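Trainee: Could you take me through one part of this structure closely, and then set it against the rest of the model? I would like a connected account that I can follow with the structure open.

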Amino acid sequence: MQNKSNMSVFLKGILKENPVLVLILGTCPTLATTTTVTGAFGMGIAALVVLICSNVFISLLRKIIPDNVRIPCYIVIIAGFVTIVQMIVKAFFPVIDSLLGVYLPLITVNCIILGRAEMFASKNNVVKSALDGMGMGIGFTLALCGMAFIREVFGNATFAGIEIPFLVPYKIDFLVKSPGGLLVFGMLIALVYVLTHGKAPIKREFSCAGCPSAGSCHTGSCQLKGDEQ
Amino acid sequence: MSNNLKLSVSPHIHSGNSTSTIMLDVIVALIPATVAGCIIFGLRSCLVLAACIVSCVLFEFLYNLILKKEQTIGDFSAVVTGLLLGLNLPANIPIWQCIIGSFIAIIIVKCLFGGIGCNIVNPAITARVFMLVSFGTMTTAAMPTVVDTVAGATPLSAETIEQSIGELFLGLKGGAIGETCILALVVGLVYLLVRKVISWHIPLTFIGTVYICSFFMEGLDPIKALAMILSGGLFIGAIFMATDYVTSPSTAWGKVVFGVGAGLLTFLIRYFGDYPEGVSFAILFFNILTPYIEKWTKHKVLLAGGKKA
């Protein structure tokens, strides 16, 4: 696993291990910010920046951080970058700031960022961690934008705030509401499963090979737990 | 002689019922309501019903064709879903909305969960809720074309309570195509009970709960409470939607729990909720609770040793 090429580390985040649609991480911001394409894009880019920075820093500090307190340490590092991103967004992109609201500071506890820190950055070198962060961030952004595109265009008959006239009489309000978000989310998960010809990990297989994090996790600790039960 | 001696596991006696005969019974039971709806709301309602039925059957046909599954349109369940969905829509609804509703009912609720018998919620009721949340046209109900009535905003607003009970019973009021004519729905109920397609538990407890709660809420006025249960989609919901085999409990006590619970929720939504009508939400909610109700009201198996090992 360690000698995986840098390219595959980068690419796997986009489709094969897409954080939202395959690993099912970070569902809260996914459902909450995909009512508009602008909001989804802003969210994706903000998370991408935080993800790359935190992955690099955690990878650099992985030998220094004591194992027992690693999660608080990760959170502190991530929160630092989130604060920086939040200040930048507030100063230069007030529209996106008002769209994202509380979900911008909540990137701190986004599962994707903590998950990649725990599963990848704490075990790999700086270059690979940066590439992993970039791939995962782009995968997150693409998934969010895809979902937001469907929800905004068909639910609200607008694209990034611009009205699409011929769709206005045919809008389906349901898609903009939260149950519609879950519906589109489920459909996209199914679509990705079909696109990867079912090669995307199957959740029901309770073995290391069936785990979506198998590529980056070598401890097998969860496997041991499963055996004990 | 040896050919006559067949060995098989129980049950040995087959009642002759199959999915298609039950579905045909339901269709027959819905005919009075369909005819009444077409008379009350005019030709436009026939168009809505036809659009729903045709698109439901077509969606199921295409899904099975594209995914190379066994063709299941012959069991008439798609026809029943389409008919029920159409009867739950107002006559003035645009046709493309009917088609989207049919898509939700058949493809998303039924086929993606594994076809007939595998859906966790009733397809027609889910499609109705979807359309209720999506389209504004659903809440401004069509008015009958056969009589002159004062146009009211919703079928359950204060004005309609003052309408005479007789008019409510015959269905001369605004609402969805099939839900207004209580007389026709009760004829359908009697048919289904006689044919033993459904049992009395869910319809009786459902409607009874709403009546009792409304009776107390309306200051012990039996007439107002009667008007309350005759309004909206309570009868069609309690008779045809809540009694769906797949999504309602199979035990008698389970059915009582389902009926009382859905009735209570309908009452709460009607009096305290944002939406004027709560029958479809209540049924949908209890569809989801059905597996748990079934678990709580499970028959104790005789001689099974009481407690679980």
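Mentor: What follows begins with one residue of chain B, goes on to helix packing in both chains, and ends with chain A as a whole. Please keep in mind throughout that this is a predicted model.

Let us take B:S45 as the part to look at closely. This serine lies in helix α2 of chain B, which covers residues 43-66. Is B:S45 buried or exposed? With 26 other C-beta atoms within 10 Å, B:S45 is buried, because a count of 20 or more is what qualifies a residue as buried. Leaving aside residues up to four places away in sequence, B:S45 touches B:G37, B:C38, B:A91 and B:I177. B:L24, by contrast, is 21 residues from B:S45 in sequence, and the C-alpha atoms of the two are 21 Å apart in space.

Further along chain B, helix α10, residues 222-230, also has buried residues, namely B:A225, B:A227, B:M228, B:I229 and B:L230. After α10(B) comes B:G232, a residue with a positive phi, near 70°.

Next along chain B is a pair of packed helices, α12 (residues 252-272) and α13 (residues 279-296), whose axes are 9 Å apart and meet at an angle of about 150°. Because an angle over 145 degrees counts as roughly antiparallel, α12(B) is roughly antiparallel to α13(B). Their crossing is right-handed. On the α12(B) side the contact is made by B:G254, B:V257, B:F258, B:G261, B:A262, B:L265, B:T266 and B:I269, while α13(B) contributes B:V279, B:F281, B:A282, B:I283, B:F285, B:F286, B:T290, B:I293 and B:E294. Sorted by class, these residues are twelve nonpolar, four polar and one charged.

Chain A offers a second pair, in which helix α7 (residues 126-156) and helix α8 (residues 178-195) pack at an angle of about 130°, with their axes 10 Å apart. At that angle α7(A) and α8(A) are oblique to each other, and their crossing is right-handed. A:G146, A:M147, A:I150, A:R151 and A:G155 of α7(A) make this contact with A:G180, A:G181, A:V184, A:F185 and A:L188 of α8(A). The contact of α7(A) with α8(A) comprises five nonpolar, four polar and one charged residues.

Stepping back to the whole of chain A, one finds nine helices and two strands, which follow one another along the sequence as α-α-α-α-α-α-α-β-β-α-α. Of the 229 residues in chain A, 38% are buried. Among the contacts in chain A with a separation of 6 or more, 75% join residues 24 or more positions apart. Between the two chains, five residues of chain A are in contact with five residues of chain B, and on the chain A side these are three nonpolar, no polar and two charged.

A word on confidence is also needed. Chain A has an average pLDDT of 83, and 84% of its residues score at least 70. Among its elements, helix α3 (residues 37-60) has the highest mean pLDDT, 93, whereas helix α9 (residues 221-228) has the lowest, 46. Over residues 223-229 of chain A the pLDDT is below 50, and this stretch has three contacts in the model beyond near neighbours in sequence. Where pLDDT is low, the predicted coordinates should not be read in detail.

Key
Residues are numbered from 1 along each chain as its sequence is written. Chains are lettered from A and ligands numbered from 1 in the order in which they are written. This is a predicted model: local features need pLDDT of at least 70, side-chain atom pairs count only at pLDDT 80 or more; totals for chains, interfaces and linings use all residues. Helices (H or I, at least four residues) and strands (E, at least two) are DSSP runs, numbered from the N terminus. A residue is buried if 20 or more other C-beta atoms lie within 10 Å of its own, exposed if 12 or fewer, and partly exposed in between; C-beta atoms are placed from the backbone. Two residues are in contact if their C-beta atoms, placed from the backbone, lie within 7 Å. Axes are lines fitted to C-alpha atoms, for helices over the stretch in contact, and angles run from 0 to 180 degrees between N-to-C directions. Angles under 35 degrees count as roughly parallel, over 145 as roughly antiparallel, 65 to 115 as roughly perpendicular and the rest as oblique. A crossing is left-handed if the near helix is turned anticlockwise from the far one by less than a right angle, and right-handed if clockwise. Ala, Val, Leu, Ile, Met, Phe, Trp, Tyr, Cys and Pro count as nonpolar, Asp, Glu, Lys and Arg as charged, and the others, Gly among them, as polar. pLDDT is the predictor's confidence in each residue, from 0 to 100.
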